[in-house]
Amino acid sequence: MAAPQYSWEYVTNLFGLEPPKTAVFQASTALETKIGTALILTGGELDEATASVVLFAGLAAEATSAPATAGDPIKIYMIRPGDVIKGTADADASALSGFSGKTGDFNADGSLDVADDDNGCLSVWRTEDAGLTVFCTVNSAKMAIC
């Protein structure tokens with residue numbers, strides 16, 4: 001599996017918490033990351049967040065140079081309540097801004113899936129660039145480390 005086209009970056013925490021810390025977890029087979037790849041935990045291993053993700057773990061804190069072997073160590077920024085991450089939407093997400101009550105998830109390329117706004121893990125706080133740059137909070141997370 002190739003690293004996703006789009007990545008996310010940590011921006012701030014709405015509650016004033018310090019930036020997230022890194023932790024080391026095990027990679028799933030063939031995981032490829034770049035800094036900011038959205039990750040989930042499945043079966044105790046990190047994997048890329050794709051469509052229908054409802055439990056988000058965090059962002060890759062390092063890039064891989066080749067597909068990982070199961071169990072390889074991968075650093076991750078653990079996402080907590082109130083953390084804001086900035087990324088790219090696949091379409092204008094302006095209608096979702098302001099915590100609209102709709103939650104989105106990811107596409108296979110790592111972007112926010114605007115059309116799937118039900119039972120996802122991201123709430124859109126605000127948008128820029130005609131709604132294509134999104135600032136999101138994590139609505140649900142696999143772990144919340146404060």
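Mentor: Buried, in what follows, is under 20% relative accessible area (exposed is over 50%, partly exposed in between; 1.4 Å probe, protein chains only). This is a predicted model, where local features need pLDDT of at least 70, side-chain atom pairs count only at pLDDT 80 or more, and totals for chains, interfaces and linings use all residues. Residues are numbered from 1 along each chain as its sequence is written, and side-chain values use heavy atoms, leaving out hydrogens and water.

Trainee: Okay, why is Trp8 called buried?

Mentor: Its relative accessible area is 3%, and the cut-off is under 20%, so buried it is. Phe106 counts as buried too, at 0%.

Trainee: How many aromatic pairs turn up?

Mentor: The count is 2. A pair here means ring centres within 6.5 Å (Phe, Tyr and the six-membered ring of Trp), with planes under 30 degrees apart called stacked, over 60 edge-to-face and the rest tilted.

Trainee: What makes Trp8 and Phe106 edge-to-face?

Mentor: Their centres are 5.7 Å apart and their planes stand at 90°, which is over 60, so the name fits. The two sit 98 residues apart, Trp8 in the segment before β1 and Phe106 in strand β8.

Trainee: And why is Phe56 with Phe106 called tilted?

Mentor: The centres are 5.5 Å apart and the planes 40°, so the angle falls between the stacked and edge-to-face limits. Phe56 comes from the loop between β4 and β5, 50 residues from Phe106. Both are buried, and Trp8, Phe56 and Phe106 make up one aromatic cluster.

Trainee: Which rings does Arg126 lie over?

Mentor: Arg126 lies over the face of Trp125, at 5.5 Å from the ring centre, and over that of Phe135, at 4.0 Å. The rule asks for CZ of Arg (or NZ of Lys) within 6 Å of the centre and within 35 degrees of the ring normal, so both distances pass.

Trainee: How do you know that β3 and β5 pair?

Mentor: DSSP has to find at least two bridges between strands (E runs of at least two residues, numbered from the N terminus), and these have 2, so they qualify. They run antiparallel, with Leu39 bridged to Gly58 in β5. Both belong to a barrel closed by 5 strands, β2-β4-β3-β5-β6, with mixed pairing.

Trainee: What makes β1 and β10 edge strands?

Mentor: In the open antiparallel sheet β1-β7-β11-β10, each of those two pairs on one side only. Further in, 5 bridges join β7 to β11, and Val84 stands opposite Thr137 in β11.

Conventions:
Helices (H or I, at least four residues) and strands (E, at least two) are DSSP runs, numbered from the N terminus.
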